[in-house]
Amino acid sequence: MTTPEPPPPPGDPLPPAEPPVAWPEQPDAVPLDAQRFREDPDELYRQLRRDHGPVLPVLLGGGIPVWMVLGYREVVRVTSDPNLFARDSRRWHAWDRVPPDWELMTFVRYRPALLFTEGADHERRAEAVCGSLASVDPFDLRAQCERAADELIDTFAGSGRADLMAEYASQVPLRVVNRLYGLDEAESAALQQDTVDLVSGNGTQAAHQNMHARMVTLLERVRANPELANIASHLASHPMGLSDEEIINDLVGCVYAAHQPTTDLIGNALRLMLTDERFAVTLSGGRRSVGQALNEVLWEATPAPNWIGRWAAEDTMLGGQHIRKGDCLMLGLAAANADPDVRPDFQAGAVGNQAHMAFSHGQHGCPPAARELAEVIATTAIEVLIDRLPDVTLAVAPEELVWRSTLMMRGVSAMPVTFTSASVT
């Protein structure tokens with residue numbers, strides 16, 4: 001008879017238990033390396049694509065399971081089929097794993113906003129929002145951009161130095177958008193802090209609540225003063241007949257979508273123009289290069305590198321992977337732009353190629369009217385700066401610029417520059 005093994009002596013530790021599988025259906029899911037993502041996201045995308053293909057299961061912070069879509073063709077397929085890859089986050093079967101304070105909760109918690117609508121409801125809401133944005137006169141918009149840019153440059157032109165991110169790039173978009181909304185300076189300053197908190201992750205839920213409350217006040221003002229003409233008033237009077245709750249949520253979404261991505265579009269383009277000799281002509285007045293720089297940034301340093309999410313309405317296959325009904329997908333917009341099958345060679349010249357995914361794609365992509373607003377604001381901000389401060393130069397070596405990389409946003413943290421002191425306008 002075999003003698004049984006004696007029990008371990010008292011006090012000896014028990015063998016460690018196997019850790020629970022974070023995503024039982026995908027036990028090989030890859031934890032997304034936050035440190036590598038911040039330091040060198042492009043290399044991380046290349047490695048993930050090389051090791052796992054165009055679509056792979058990943059675990060975001062807190063072990064949240066999502067599919068990361070890296071391939072250009074796969075991103076196009078997802079964004080082109082809103083019936084299969086839907087936007088209503090209530091489809092997600094993993095809500096029991098998502099803590100209420102999750103850093104991306106603002107982007108996935110369902111609310112009656114255009115962002116989460118589908119089908120006929122989406123068409124109705126999109127017509128109202130896009131119509132309100134299209135009501136902005138492009139000539140008036142450029143004039144407002146020029147005025148805001150000049151006002152900001154006046155505050156530091158005499159000093160010979162500035163931080164172009166904090167003192168300029170982050171200020172121009174919000175000032176312009178707030179004027180389009182009809183907000184005063186005090187409201188504008190408060191809203192700016194809310195957007196900064198929302199992007200940085202500091203008090204995200206409180207920041208969103210503050211923004212919501214400010215839009216409630218704005219809508220009340222518009223309702224009480226029907227003669228006002230701004231984006232909020234157009235939404236309020238649109239024939240589609242949006243409810244107050246729908247209008248408020250879409251106003252919040254428009255502010256957020258307009259501010260940080262446009263800030264980083266300006267900042268990332270200025271970084272390129274101040275560090276790449278191909279754009280040196282711009283500093284002596286070559287305006288065509290501003291558009292080239294913006295297009296290259298949208299390909300290679302897009303302000304919104306990833307976007308969560310789409311939710312599978314049915315079981316399907318994508319990029320060789322079995323996607324289950326209710327799975328969440330994250331669009332790797334920057335990774336798709338870097339797909340070797342489509343990536344343009346800007347060193348060799350690819351000025352006219354605008355097939356990037358920086359604004360996503362399909363009916364849930366950034367509306368054309370919103371893209372035009374962002375491009376006018378960014379182009380005008382850069383052109384006015386160059387006109388006013390033609391000898392602007394980085395005050396640090398290019399490699400000393402620090403990127404602020406989060407999963408959803410990427411831009412330069414600070415951009416110290418020097419220039420010949422100039423008089424105010």
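In the hairpin formed by β2 and β3, Gly62 takes a positive phi near 85°. Three residues lie between the two strands of that hairpin. The model is predicted. The protein has 425 residues, and 51% of them count as buried. It holds 15 helices and 13 strands. Among contacts with a separation of 6 or more, 70% join residues 24 or more positions apart.

**The sheet**

- Six strands form an open sheet with mixed pairing.
- Their order is β1-β2-β3-β9-β6-β4.
- Which strands sit at the edges? The edge strands are β1 (30–31) and β4 (85–86), and each pairs on one side only.
- Strands of a sheet pair through backbone hydrogen bonds, either parallel or antiparallel.

**From β2 to β9, by way of β3**

- β2 and β3 run antiparallel, and six bridges join them.
- Pro57 has Trp67 in β3 as its bridge partner.
- Strand β3 covers residues 64–69, and strand β9 covers residues 328–332.
- β3 and β9 pair in the parallel sense, over three bridges.
- Met68 stands opposite Met330 in β9.
- Val69 stands opposite Leu331 in β9.

**From β9 to β4, by way of β6**

- How many bridges link β6 and β9? Five bridges link them, and the sense is antiparallel.
- Trp307 has Leu331 in β9 as its bridge partner.
- Leu331 therefore appears in two places: it is the bridge partner of Trp307, and it stands opposite Val69.
- β4 and β6 also pair in the antiparallel sense, over two bridges.
- Phe85 stands opposite Ala312 in β6.**Helices on the sheet**

- β3 and β9 are parallel partners over three bridges, and two helices pack around this part of the model.
- Helix α2 (residues 41–52) packs on the sheet.
- The strands touched by α2 are β1, β2 (55–60), β3 and β6 (306–312).
- The direction of α2 makes about 125° with that of β2.
- Helix α3 (residues 72–80) lies across β2, β3, β4, β6 and β9.
- α3 runs at about 125° to β9.

**Buried strands**

- Is β3 mostly covered or mostly uncovered? β3 is mostly covered, with six of its six residues buried.
- Both faces of β3 are covered.
- On one side are Ile64, Val66 and Met68, all buried.
- On the other side are Pro65, Trp67 and Val69, also buried.
- β6 is mostly covered too, with six of its seven residues buried.

**Helix α12 against helix α15**

- Helix α12 spans residues 244–275, and helix α15 spans residues 368–388.
- Their axes are 9 Å apart, and the helices pack at an angle of about 40°.
- That angle makes α12 oblique to α15.
- The crossing of α12 and α15 is right-handed.
- Which residues of α12 make the contact? They are Thr262, Leu265, Ile266, Ala269, Leu270 and Met273.
- From α15 come Ala374, Ile377, Ala378, Ala381, Ile382, Leu385 and Ile386.
- By class, the contact of α12 with α15 has twelve nonpolar residues, one polar and no charged.

**Helix α5 against helix α12**

- Helix α5 (residues 119–134) also meets α12, and their axes come within 12 Å.
- The two axes cross at roughly 60°.
- That angle makes α5 oblique to α12.
- The crossing of α5 and α12 is right-handed.
- On α5, the contact is made by Arg124, Arg125 and Val129.
- On α12, the contact is made by Glu246, Asp250 and Cys254.
- What classes of residue make up the contact of α5 with α12? Four are charged, two are nonpolar and none is polar.

**A residue on helix α9**

- Ala189 has its place in helix α9 (residues 185–200).
- Why does Ala189 count as partly exposed? Its relative accessibility is 47%, and partly exposed residues fall between the 20% and 50% cut-offs.
- Ala189 and Asn178 are eleven residues apart in sequence.
- In space, Ala189 and Asn178 are 9.6 Å apart, C-alpha to C-alpha.

Technical notes. Residues are numbered from 1 along each chain as its sequence is written. This is a predicted model: local features need pLDDT of at least 70, side-chain atom pairs count only at pLDDT 80 or more; totals for chains, interfaces and linings use all residues. Side-chain values use heavy atoms; hydrogens and water are left out. Two strands pair if DSSP finds at least two bridges between them. Helices (H or I, at least four residues) and strands (E, at least two) are DSSP runs, numbered from the N terminus. Contact means heavy atoms within 4.5 Å. Axes are lines fitted to C-alpha atoms, for helices over the stretch in contact, and angles run from 0 to 180 degrees between N-to-C directions. Buried means under 20% relative accessible area, exposed over 50%, partly exposed in between (1.4 Å probe, protein chains only). Angles under 35 degrees count as roughly parallel, over 145 as roughly antiparallel, 65 to 115 as roughly perpendicular and the rest as oblique. A crossing is left-handed if the near helix is turned anticlockwise from the far one by less than a right angle, and right-handed if clockwise. Ala, Val, Leu, Ile, Met, Phe, Trp, Tyr, Cys and Pro count as nonpolar, Asp, Glu, Lys and Arg as charged, and the others, Gly among them, as polar.
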